[in-house]
Amino acid sequence: MEYIVSARKYRPMTFDSVVGQHSLTTTLKNAVTTGKLAHAYLFCGPRGVGKTTCARIFARAINCQTPTADGEACGQCESCRSFEEQRSYNIFELDAASNNSVEDIKTLMEQTRIPPQVGRYKVFIIDEVHMLSTAAFNAFLKTLEEPPAHVVFILATTEKHKLLPTIISRCQIYDFERMNVQNTINHLKMVAQKEGYTYEEEALAVIAEKADGGMRDALSIFDQAASYCQGNITYDKVIEDLNVLDSDNYFRMVDLALENKVSDIMLLLNKVLSRGFDAANVSTGLASHIRNVMMAKDPQTVSLLEVSQQQRDRYVAQAQKCPPVFLYQALRYLNQCDINYRQSSNKRLLVELTLIQVAQITQPDDADAPSAGRSPKRLKSLFRNIVRKAQSSKVASQVATTAPAATKPEVTTSGPQPVSPNTSTPSSSSSSSSTPPLGAGGLTPKLGSLGFTFAGLKKQQEQQKPAEDPADKEDTDNSNVLSSHFTQELLDLQWLAMCNRMQLIPEMKSLASRMKNVQPQIVDFPNIEVLFENSNLMELVMQQQKRILATLRRHLNNQDITVSYRLAEPSEFKPIPTKTEILARLKAENASLSKFATDFNLVLA
């Protein structure tokens, strides 16, 4: 016996057997019953939802010689039998995807002149009508507007927007809906029962979700799964056969994110990627999952979930545990990841960072970075206990090498661990003098503890009454500041770091760029002198002298620092060497370079 795929074997033959299009089929049956037929119909909608099937059922019903009271074809008359045996001369089907020329349409128009021999109407079904050329549309237009009384046109398309407005305006339009998951599951159950298959409803739900609203796709996937499962369609086998990422992974990711278990999420991500899934599948799938959780948060939007009833209950249960802020922030992070994914050169790292951010949404703010002054993109501490142990061992070693008579040290933190304001931690003055406090990355200091802060910028922009200057506050709090020794190299480094921080403030960006060309000098330790070649620049810098002084004192660990400003004498100006002078100096210092340039007759371009 010849095998027939389920999509053809179980193709509906009556209006009542069409799945998911009740309102459209009712309208068509009423038209058959009352005899009020239009001369042209346009069936549009996604693939595999029953457009061509309904066109055939409708064509058979309007030609039936003894239709039933509810508008269905009888299936017994000569017209119905000839249609079922595919020998009817009253119903023509044209595939416009391969017959889209003017000649094909002209041939079809000639057929409209011949009245039907059996039945009342000649029905022309044109599938994929949007594929017709513009010339073919124009040739078809006149006949479509005023066809013979015995002709009915049924146009089917998946892309209605590609049709000419003059074509659309001459048709009755029927928009077919996508199949919802529950209707698809019910239809697959019927097919499985008729085929004698055993099944799990969760397995059929996976097939229905994979079909994405198309019944034909669902039946094709069903046949594939049935062949793989040998007639016993189980959830695990369907997941394995279709290579679908199990929704349990997403439920677990959300649970781990709520508990801030970053390490476990990284292990779970690695397990998923090792099974051959792309990182993009994880991010987009998790975004869809969190969207469903958000819909399940409100009883009014639960109906928007296109999942099985068992899955819906799981979403509702998880939604009760998720704060709304977590869902909104997670969707924002995942959406940004999706936008940046194609441009990213390290896609896995991008997804990992996104999951880290999602896992930190519900984590409390770090104690060393108050929420009012923290950067919105600053990651919280991931391994707090590890950092705390490392800090403790470092402090212990520093205390062992510190002189007993040392001045009371400043409390500093270079890591992200929380520090109680009432607890002081001893720190070595030698480490402060040799290694500047450059923040978590070792390159950029923390903005919240400096003279130049975002909070100060906000107050300047709002032009409110001036708040207490951070420099003033630091000048009065000298109890924890050391009188440490610092070198010219360390001074240059802290000056550059201060300029980099100032560039983050829009109003000071230009000034900071010019200050980078100014080099402070230690004239009489710990007194610092800053020379300027431009009086205008000196005036601008002196407007910020209190903050500059406070910043240098803090980060050089020396409260005795003084900073003076003056214009440089003409003899102190250092002329900028030209490229030729630089090359000549390099040749004089390096004999090999001089010989190389001479041998190859090199000149400066």
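Two strands count as paired if DSSP finds at least two bridges between them. Keep that in mind as you work through this predicted model.

**Exercise 1.** Work out which strands of the open sheet S8-S9-S10 stand at its edges.

*Solution.*
- Start with the order: this open sheet has 3 strands, S8-S9-S10, and the pairing is mixed.
- Now look for strands with a single partner: these are S8 (520-524) and S10 (562-567), so each has one side without a neighbour in the sheet.
- Check a pairing: S8 and S9 (residues 527-532) run antiparallel and are joined by 4 bridges. One example is Gln521, whose bridge partner in S9 is Glu529.

**Exercise 2.** Find out which helices pack on this sheet, and at what angles.

*Solution.*
- Take helix H22 (residues 488-502) to begin with: this helix touches S8 and S9, and its direction makes about 140° with that of S8.
- Then go to helix H25 (residues 545-555), which touches S9 and S10; its direction makes about 135° with that of S10.

**Exercise 3.** Describe the lining of the second largest pocket: which residues come closest to the centre, and which helix gives the most?

*Solution.*
- Begin with the space itself: the pocket's volume is about 850 Å³.
- Next, pick out the residues closest to the centre: from a lining of 32, they are Glu209, Lys210, Val244, Tyr250 and Ser288.
- Go on to the elements giving two or more residues, which are helices H9 (201-211), H11 (235-242), H12 (247-258), H14 (279-297) and H15 (309-319). H14 gives the most, with 7 residues.
- Finally, sort the lining by class: you get 14 nonpolar, 10 polar and 8 charged residues.

Conventions. Residues are numbered from 1 along each chain as its sequence is written. This is a predicted model: local features need pLDDT of at least 70, side-chain atom pairs count only at pLDDT 80 or more; totals for chains, interfaces and linings use all residues. Side-chain values use heavy atoms; hydrogens and water are left out. On a 1 Å grid over the protein atoms alone, a cavity is a set of points where a 1.4 Å probe fits but cannot get out, and a pocket is an open set with protein on both sides within 12 Å along at least five of seven lines; lining residues have an atom within 4 Å of a point. Grid points are joined across faces, edges and corners, and a volume is the space filled by probe spheres set on the points. Ala, Val, Leu, Ile, Met, Phe, Trp, Tyr, Cys and Pro count as nonpolar, Asp, Glu, Lys and Arg as charged, and the others, Gly among them, as polar. Contact means heavy atoms within 4.5 Å. Axes are lines fitted to C-alpha atoms, for helices over the stretch in contact, and angles run from 0 to 180 degrees between N-to-C directions.
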